[in-house]
Amino acid sequence: MNENSILLKMQDISKSFPGVLANDHVTIECEKGHVLGLLGENGAGKTTLMNILYGLYQPDQGKIFVDGKQVVINSPSEAINHGIGMVHQHFKLVDTLSVIENVILGIPTNKAVLDFGPAKKKLEKLCKEYELFVDPEEIVWRLPVGKQQWVEILKALYRDCKVLVLDEPTAVLTPSESDQLCRAIRKITEQGRSVVFISHKLREVIEITDKVTVIRDGKVIGTVNTKEATQSILAEMMVGRPVTIERKARPIIKEHSAVLVMKNVNAFDDRGVQALKDFNLTVHAGEIVGVAGVDGNGQRELSECIAGLRKPSSGSITIQDKQVTNVIADPSFVGFIPEDRQKTGLVLDFTVAENLLIKDYKEKPYVKNGFLQYSEIKKHAEHMIKKYNIKSPSGDIKVKTLSGGNQQKVVIARELDAQPVLDVASHPTRGLDLGAVSNVHDILLNERNRGAAVLFISAELQEVIALSDRIIVLYSGQIMGELDGETADQFTIGQMMLGQTTEAKK
Amino acid sequence: MTYEIILDWLQASLRWSAPLIICAMGEIFAERSGIINMGIEGIMLCGALCGVAVSYYAQSQAVALFACAILGLVLGLIVAFLTVSRRTNQVVTGLMINLLAIGATNVIFSVLTVMRHKRATTFGALFPESMHRIPLVGPVLFAQPFTTWIAIFIAFIASFVLYKTRWGLNVRAVGDNPQATATAGLSVIKLKYQTLILSSIAASVAGGILTLASSGYFAAGGMTGGRGFIVLAAVVVGGWDPMRTMFACMLFGATDAAQLRLQTTESIIPTQFLQMLPYVITVVALTIMVKRSRVPKTWGAAYDGRRS
Ligand SMILES: Nc1ncnc2c1ncn2[C@@H]1O[C@H](COP(=O)(O)OP(=O)(O)OP(=O)(O)O)[C@@H](O)[C@H]1O
Ligand SMILES: [Mg+2]
């Protein structure tokens, strides 16, 4: 292979954190105009490696080459100067600023006074070129997540990067948005730029990448040409055993009392737009109700209303005949896995042990005579870390240092361990690796079998179909249709998601 | 008679609000960048003493204000080193600065005995004497010391810098999301140092103006009389926006001036209650306004450059 065509090479990179070796002599290469996939379980070290490339961390050892020249990258601004752009796993946007302000933030210029005119023109041109449309004037927090993702990508492209790193960009995208992203990536590579693409969704990895490097426990397991790979080969390389997401056999639950009853619920979103319209839903004990639908059709408001985080403007919500008026403090009542783990699910600056305790801090044995019992809290944390397979050196480290997927596991562990009567799981597998996804499915299925009512909200059709007893499709705040989990097919659901009712409705 | 009192009150209101406005404009930038510079009360106090002392010895107000600015720069560096580099608690650090300032100014003032009896020359008016006689606007506006006009001008400048310049954009960004700002290639630490130094200079200069624009005296201990804290409140009431904060400062300046005037008239209300007025208004304004403002997201939190 021609050495000159290698645009990015990271050679023999090692990086350790207290208690973890996150990267262990990792070498990756990406050719000009190619897409390199990075695969690996949660906590394998993918984000760490990319953060090193972006100058956020310094490697303990190893070299980085861009365009054949060795470079030392001490800060993000140096990375940007070397033509490296990065879309982070968790958004790095200033919510309160407009799109265009976010895009030009930090771009060196000798003009002190802001002049958005030329910047807007350039941005609009990029929008058109890559078919990622956003309104430059809109304030970022008002944008749906998908659009925010476009802003992140446009921000990197605006700076003319040669290498674009996308760290789990599709975790928050709907299937059609993901397809749109794939088209944009093709255009990006056609221009001779390279893309490093991180994802847990094997289908996408196979569709978009040229080569895939698989990392496990910080070490490179191998690199394969995507043409020669299949989903099962990759899954096995990644996890070390074959895994698939399939519908599992389930016992029929006899007792079928209604747990969650929503009657004529109306609710508004943060922007003041009606998000739920005369919404009626009943979830019974021992059943998993899957909520399918394109993101932003009321899923978030639905889950927040049930959790008591959002007040419906009218209608009633009861859980086991108890009215939901406020956040429910009793952990054995509702388990709530929010869609945004970093903003709603966790206190990032608390330790893992503290985060695991947030709901039970008033309970014995964690508190005695008004004092927290740290030895008990620690024991609890260690137990949970083991039980839920959280990759964390101990319970005493800040939860923000965990990998994205492991942060998610902390939320799941805390919310479901108290065996609540109702589980509301909003995108619980977002950012999880295949093995972990199947674990979460097992956990939720066990919850159902135990007799809990489960509301499972997800944008992944495959998962909804694999897990649900009953599927409802949300479309602009209303139920478009309802299907039986055993017989549902992707096509029918997909149609309903777009607002078309079909005969299959029953 | 009443007419004159009202004119006098209006005139004093604006005069009193000038130092508040200048100090508040600096504080807005610090808080927008995520740091509460609680030390402005103490820094203002130091500036007040520095102002009269230097103006007395150097016989120049320009030199005096320049000295205040230098003093502010030094104090700002100290505050920034502690709260940004060492990540100390911002409230505790500010209180410490305030306590130190009271002690230090008392000691220095007790040494400078000559100053106790001499008055520093106060600032002149911007507009010619003839204009002061125009009814209403004459005494209220044109007789103002030029610092009042500077304060208002600074508020407009602050608004422009915050919303229309690159640096202003960076400041707005860093307080809301320092991680995002860092990944955009900016130095969070540098920005916070800059805003803290700016706010400290503003506070110190405001202190200098406080003495030089009115009495020309320094009163040990209570010179600033909690004005720094009122500024902190004004910034919140003004929703971290320069224009709205300017009006909040004017409101507080007006109550302060009213309180002083009511004390001298034969009033049935005990003076202690009158003295409370500015603070009562502050609390009332805070309770009404706070809910409506958008707090910078990392307001008061230390920035840790490591992962999040
Ligand atoms: N700043 C840090 N301090 C301590 N440990 C860290 C820090 N950053 C990462 N780690 C640890 O390094 C390991 C690798 O984390 P990394 O975020 O790179 O994983 P990942 O492959 O991106 O996983 P995911 O798919 O879940 O995002 C994890 O065990 C994590 O806990
Ligand atoms: Mg990651």
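Trainee: Which residue forms a salt bridge with A:E101?

Mentor: A salt bridge is a side-chain nitrogen of Lys or Arg within 4 Å of a carboxyl oxygen of Asp or Glu. Here A:E101 pairs with B:R172, and their closest N and O atoms are 3.2 Å apart. The rule finds two salt bridges across the interface of chain A and chain B. This model is predicted: local features need pLDDT of at least 70, side-chain atom pairs count only at pLDDT 80 or more, and totals for chains, interfaces and linings use all residues; side-chain values use heavy atoms, leaving out hydrogens and water. Residues are numbered from 1 along each chain as its sequence is written; chains are lettered from A and ligands numbered from 1 in the order in which they are written.

Trainee: Which helices of chain A each supply at least two residues of the side that touches chain B?

Mentor: Helices are DSSP runs of H or I, at least four residues; strands are runs of E, at least two; both are numbered from the N terminus. Look at α2 (76-81) and α3 (99-104) of chain A. The largest share, three residues, comes from α2(A).

Trainee: How many residues does the contact take from each chain?

Mentor: Contact means heavy atoms within 4.5 Å. Chain A gives 30 residues and chain B gives 24 residues.

Trainee: What coordinates the magnesium ion (ligand 2)?

Mentor: Donors are N, O and S atoms within 2.8 Å of the metal (3.2 Å for Na, K and Ca); water is not among the atoms, so sites may look incomplete. Here A:T47 (OG1) and A:Q89 (OE1) coordinate the ion, at 1.9 to 2.2 Å. A:T47 sits in helix α1 (residues 46-53) of chain A, and A:Q89 in the loop between β6 (84-87) and α3 of chain A, 42 residues apart.
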